[in-house]
Amino acid sequence: MADEFKDISLDDIKNEECRWYVVHTYSGYENKVKSTLDNIIETRNIRELIPEVIVPEMNEMTTTKSGVRKEVTSKVFPSYVLVKMVMNDYTWFIVRNVRGVTGFVGPGSKPVPLTEKEILELGVDKYTVNVDYEVGDDVRITDGAFANSTGKVSKVNADKRTVVVTLTAFGRETPVEIDLSSVEKL
C-alpha cells in the first residue's frame, strides 16, 4: 500500500455512500481487471468500500460459417468495467493502479458516478420496491405538479419505478405517470 494511505482508518471511510463508476480498460482486459480487483478487495478486506465489480455481458445466438447455431457471450461495453465503490483517495488509488485500467470515465481526473436513471437502465442494481397500494386503490400525490391531488391507481410499473394514477382534471379523467415514492395510499 502506498505510504500516503498508511494512516487512513478504514472505519473513517466505511460510512460514505457507495456509487457506481465506470472504469476504462485496455481492450480485452475487462475480465482481468475484474479478477484483479476482486483479489485486492478480498486480501485487503475492503468489501465495504468496493462491494461489487462487474463486466456486463449478454448472450447472443450466432450462426457459424458451417450453418451451426450457437450461443456466444459478448461484452455489452467492451473496454469498460462497472465498479460500485465509496469514492475517496484510497479506493481511487487502488482501482486506478490495477494493471489494464486506463482511468475512470469523467472529465479530467474526476470520476463521475452513474445517475440513478442510468443504473436502472443498465440493470446493474436491482431495487426492491415496497408500496402499500395496488391497482384500484385511492391515493394522494405527495410531490410534483400534482401534489395533494387524489386519484385511483390504474397501473404500477416496478421496473420503471412509476405508478399511473387517474386524476379527475377539468371535468375528465386523466392518467398521470408519477414516481412510486411520490404517492401514498389514502
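## Thr162 and its surroundings

Leaving out residues up to four places away in sequence, Thr162 touches Val156, Asn157, Glu177, Ile178, Asp179 and Leu180 in this predicted model. With one of these residues, Glu177, the contact is also polar: the side chains of Thr162 and Glu177 meet at 3.3 Å. Another of the residues touched by Thr162 is Ile178. Thr162 and Ile178 are 16 residues apart along the chain, and their C-alpha atoms are separated by 5.4 Å.

Thr162 belongs to strand S9, which covers residues 162–169. The relative accessible area of Thr162 is 12%. Buried means under 20%, so Thr162 counts as buried.

## The sheet around strand S9

Strand S9 is part of an open sheet of 5 strands, whose order is S10-S9-S8-S7-S11 and whose pairing is antiparallel. The edges are formed by strand S10 (172–179) and strand S11 (183–185), each of which pairs on one side only. On average, and with direction ignored, neighbouring strands of this sheet are turned by 45° against each other. Strands of a sheet pair through backbone hydrogen bonds, in a parallel or an antiparallel manner.

Between S9 and S10 there are 8 bridges, in the antiparallel sense. One residue of S10, Ile178, is the bridge partner of Val163. Ile178 is also among the residues that Thr162 touches.

## Strand S7 and its two partners

Strand S7 spans residues 138–141 and has two faces: Val139 and Ile141 are on the covered one, Asp138 and Arg140 on the uncovered one. Which residues of S7 and S8 stand opposite each other? Asp138 stands opposite Lys152 in S8. Strand S8 covers residues 150–157, runs antiparallel to S7 and is joined to S7 by 3 bridges.

S7 also pairs with S11, again in the antiparallel sense and over 3 bridges. Here Ile141 has Val183 of S11 as its bridge partner. Ile141 is thus a residue of the covered face of S7 with a partner in the edge strand S11.

## Two nonpolar cores

The largest nonpolar core has 21 residues, and those touching the most other members are Leu37, Ile46, Ile50, Val53, Val83, Met85 and Val95. Two or more residues of this core come from each of strand S1 (18–25), helix H2 (30–44), strand S5 (80–86), H3 and strand S6 (101–104). A second core, separate from this one, has 11 residues, including Tyr133, Leu167, Ile178 and Leu180. Two of these, Ile178 and Leu180, are also touched by Thr162.

What does Ile50 contact beyond its neighbours within four places in sequence? Ile50 is in contact with Ile41, Val83, Lys84, Met85, Thr91 and Val95.

## Thr91 in helix H3

Thr91 sits in helix H3, which covers residues 89–96. Is Thr91 buried or exposed? Its relative accessible area is 0%, so Thr91 is buried. Residues up to four places away in sequence aside, Thr91 touches Leu49, Ile50, Met85 and Val86. Of these, Ile50 and Met85 are named among the core residues that touch the most other members.

## Aromatic pairs

The structure contains 2 aromatic pairs. In one, the ring centres of Tyr21 and Phe104 are 6.3 Å apart and the planes stand at 85°, so the arrangement is edge-to-face. Because Tyr21 lies in strand S1 and Phe104 in strand S6, this pair ties together parts that are 83 residues apart in sequence. Tyr21 is buried, at a relative accessible area of 7%, and Phe104 is buried as well, at 12%.

The other pair is Tyr26 and Tyr29, with ring centres 5.7 Å apart and planes at 70°, which again makes the pair edge-to-face. Both residues are partly exposed: Tyr26 has a relative accessible area of 47%, and Tyr29 has one of 29%.

## The chain as a whole

The chain holds 4 helices and 11 strands. Of its 186 residues, 31% count as buried. Among contacts with a separation of 6 or more, 57% are between residues 24 or more positions apart.

Definitions and conventions:
Residues numbered from 1 in each chain as written. Predicted model: local features only at pLDDT ≥ 70, side-chain atom pairs only at ≥ 80, totals over all residues. Heavy atoms only, no water. Buried < 20%, exposed > 50% of the residue type's maximum accessible area, 1.4 Å probe, protein only. Contact = heavy atoms within 4.5 Å. Core = buried A, V, L, I, M, F, W, Y, C linked by side-chain atoms within 4.5 Å. Phe/Tyr/Trp six-rings, centres within 6.5 Å; stacked < 30°, edge-to-face > 60°. Polar contact = N/O pair within 3.5 Å; in protein donor to acceptor, adjacent residues only side chain to side chain. Pairing = 2+ DSSP bridges. Axes fitted to C-alpha atoms, helices over the stretch in contact; angles between N-to-C directions.
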